[in-house]
Amino acid sequence: MDQIYTIPLATIVDDFKLEVIVKPDNFEEIQISTPEVNRPGLALGGYYERFENTRLQIIGNAEASYLQKLTHEQRLETFDRLFSYKFPALLVARGLPIDPECLEMARKHNVTVLRSQEATSTVVSAIIAYLKA
């Protein structure tokens with residue numbers, strides 16, 4: 001039988017020294033319950049058929065580059081739909097700037113936004129290893 005576990009998002013934030021950009025009302029209650037993460041590139045493009053909303057979502061250069069090609073209105077719609085899935089948190093890697101539309105929709109949907117200075121592959125592999133330990 002698979003062991004079920006949870007770890008507070010706040011513990012991950014502390015252990016990885018992540019910057020909290022948007023802190024929802026229920027921040028201290030948010031739990032990570034899967035040892036997987038997700039790069040939401042397909043979701044940002046509109047494909048949600050297999051979107052894993054229990055996972056920490058991580059944006060890197062590829063996703064950020066795609067988002068910059070969208071208009072303001074398209075980014076608002078994209079982030080509105082993404083955050084409507086109520087995942088535990090969105091982590092932006094590489095210290096990338098965070099779109100105002102992302103922040104607006106994160107606040108609207110009460111979803112955490114975090115930032116790491118680490119390269120995307122580094123933070124993805126480190127968090128997966130940490131969650132599987």
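**Exercise 1.** In this predicted model, determine how many aromatic pairs a search of the whole structure finds, and classify the pair formed by Tyr48 and Tyr85.

*Solution.* The search of the whole structure yields seven aromatic pairs. For Tyr48 and Tyr85, the centres are 4.5 Å apart and the planes differ by 5 degrees. Planes under 30 degrees apart count as stacked, and this pair is stacked. Next, place the two residues: Tyr48 belongs to the loop between H2 and S5, and Tyr85 to the loop between H4 and S6, so the pair ties together parts that are 37 residues apart in sequence. Finally, consider accessibility. Tyr48, with a relative accessible area of 9%, is buried, whereas Tyr85, at 26%, is partly exposed.

**Exercise 2.** Classify the ring pair of Phe79 and Phe83, and state where both residues lie.

*Solution.* The ring centres are 6.0 Å apart and the planes stand at 25 degrees, so the pair is stacked. Both residues lie in helix H4, four residues apart, about one turn of the helix. Phe79 and Phe83 are both buried. They also belong to one aromatic cluster, together with Tyr48, Phe51, Tyr85 and Phe87.

**Exercise 3.** Check the span of helix H4, and establish how its buried residues are arranged about the axis.

*Solution.* Helix H4 has 12 residues (72-83); at 1.5 Å a residue it should span 16 Å, and its end C-alpha atoms are 16 Å apart, in agreement. Its buried residues are Arg75, Thr78, Phe79, Leu82 and Phe83. Viewed down the axis of H4, they fall within an arc of 115 degrees, so they line one face of the helix. Their packing partners include helix H2 (41-44), helix H3 (61-68) and strand S6 (89-92).

Terms used. Residues numbered from 1 in each chain as written. Predicted model: local features only at pLDDT ≥ 70, side-chain atom pairs only at ≥ 80, totals over all residues. Heavy atoms only, no water. Expected span 1.5 Å × (residues − 1). Buried < 20%, exposed > 50% of the residue type's maximum accessible area, 1.4 Å probe, protein only. Arc of directions from axis to C-beta. Contact = heavy atoms within 4.5 Å. Phe/Tyr/Trp six-rings, centres within 6.5 Å; stacked < 30°, edge-to-face > 60°.
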